[in-house]
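Dear colleague,

Please find below the structure for your review. My findings follow it, grouped by topic.

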Amino acid sequence: MKILLLGATGATGRHVLELALKSGDHVTALARRPEALAALKGRAAVIAGDATSPDDVARAMEGQDAVIAALGRRQSLRAEALFTRAAEAVVRAADRTGVTRLVWMSSFGVGDTIRDASLVQRILYRTLLSDLYRNKEASERIIRESGLDWTIVYPTALTDGPATGNYRAAERIRMKGYPRISRADVADFLLRAARDAAWIRRHAVITG
């Protein structure tokens with residue numbers, strides 16, 4: 001499978017990248033800092049560019065089978081419109097290239113998923129993470145209203161633990177406490193969803 005990966009230098013994106021390469025996929029990574037992926041020379045195509053630029057995304061998207069977006073703001077609690085700008089860029093690039101399959105990583109608690117959140121989660125989402133979540137929700141409206149074959153993935157709190165292969169994925173999961181999932185398991189699901197037509201135009205909540 002030919003995959004364009006957005007967010008390849010991030011903590012979750014690196015897991016997606018390595019797992020895709022191990023699976024034999026042909027990966028193209030669009031990165032603002034291509035030097036951060038220098039070790040991948042000969043294993044993946046690395047293109048310098050910005051995920052919020054329609055021109056850059058279209059250049060990298062040409063000829064791909066699917067796009068996986070694992071974008072994040074690292075330690076920042078401010079979205080600075082990253083997710084809406086990237087969603088607009090992906091939709092515009094898809095119109096140019098004809099690539100329609102998109103797997104978009106969001107966060108549990110965004111949009112309607114908050115209805116199944118625990119009290120602890122709700123407090124965190126509506127206070128500390130409120131700016132990030134508002135922008136993520138707005139980005140998802142852009143994606144859902146597009147003609148793309150999208151899948152939006154909502155992982156619970158991310159950890160740097162190892163892959164377990166033992167996680168749950170469903171359109172709705174009622175939460176207790178503050179459940180977590182490893183980035184490695186999230187990467188596994190993102191790739192599985194990209195290959196599975198059953199998840200087209202659906203969302204998935206995933207948790208350990």
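The largest pocket holds about 1200 Å³ of space; please bear in mind that this is a predicted model. Its lining comprises 45 residues, and those nearest the centre are L71, G72, R73, R74 and Q75. Several elements contribute at least two lining residues each, namely α1 (11-22), β2 (26-31), α3 (82-97), α4 (119-126), α5 (130-144) and β7.

Two buried acidic residues

Two residues deserve attention, beginning with D185, which is situated in helix α6 (residues 183-195). D185 is buried but has no salt bridge, and the nearest side chain of opposite charge, that of R192, is 8.3 Å away. Which side chain does D185 join in a polar contact? The partner is T164, at a distance of 2.6 Å. A polar atom of the D185 side chain also lies 3.0 Å from the backbone nitrogen of G165. Leaving aside residues up to four places away in sequence, D185 touches A163, T164, G165 and Y167.

T164 itself belongs to the loop between β7 (157-159) and β8 (168-170). With a relative accessible area of 53%, T164 is exposed, because the threshold for that class is over 50%. D185, in contrast, is buried. The side chain of T164 has a polar atom 3.0 Å from the backbone nitrogen of N166. The C-alpha atoms of T164 and A184 are separated by 8.1 Å, the two residues being 20 apart along the chain.

The second residue is E140, in helix α5. E140 is also buried without a salt bridge; R144 carries the nearest side chain of opposite charge, at 4.6 Å. Why does E140 have no salt bridge with R144, 4.6 Å away? A salt bridge requires a side-chain nitrogen of Lys or Arg within 4 Å of a carboxyl oxygen of Asp or Glu, and R144 is 4.6 Å away, so the pair does not qualify. Residues touching E140, not counting those up to four places away in sequence, are W104, S106, V110, I152 and Y154.

Salt bridges

The count of salt bridges comes to 12. One of them joins the side chains of R96 and D55, with 2.7 Å from N to O. R96 lies in helix α3 and D55 in helix α2 (residues 54-61), so this pair ties together parts that are 41 residues apart in sequence. Both count as partly exposed, R96 at 48% relative accessibility and D55 at 49%.

A salt bridge within helix α2 pairs D56 with R59, whose closest N and O atoms are 3.1 Å apart. The two residues are 3 apart in that helix and are therefore separated by about one helical turn. D56 counts as buried at 18% relative accessibility, whereas R59 counts as partly exposed at 46%.

D116 and R172 form a further salt bridge, with their closest N and O atoms 2.7 Å apart. This pair links distant parts of the chain, 56 residues apart: D116 is in the loop between β5 (101-105) and α4, and R172 is in the loop between β8 and β9 (180-182). D116 counts as buried, at 5% relative accessibility, while R172 counts as partly exposed, at 42%. Finally, salt bridges link R78, D131 and R134 in a network.

Yours sincerely

Note on methods
Residues numbered from 1 in each chain as written. Predicted model: local features only at pLDDT ≥ 70, side-chain atom pairs only at ≥ 80, totals over all residues. Heavy atoms only, no water. Helix = DSSP H or I, 4+ residues; strand = E, 2+ residues; numbered from the N terminus. Buried < 20%, exposed > 50% of the residue type's maximum accessible area, 1.4 Å probe, protein only. Lys, Arg positive; Asp, Glu negative; His and termini not counted. Polar contact = N/O pair within 3.5 Å; in protein donor to acceptor, adjacent residues only side chain to side chain. Contact = heavy atoms within 4.5 Å. 1 Å grid on protein atoms, 1.4 Å probe; cavity = no way out; pocket = protein on both sides within 12 Å on 5 of 7 lines; lining within 4 Å. Points joined across faces, edges and corners; volume = space filled by probe spheres on them.
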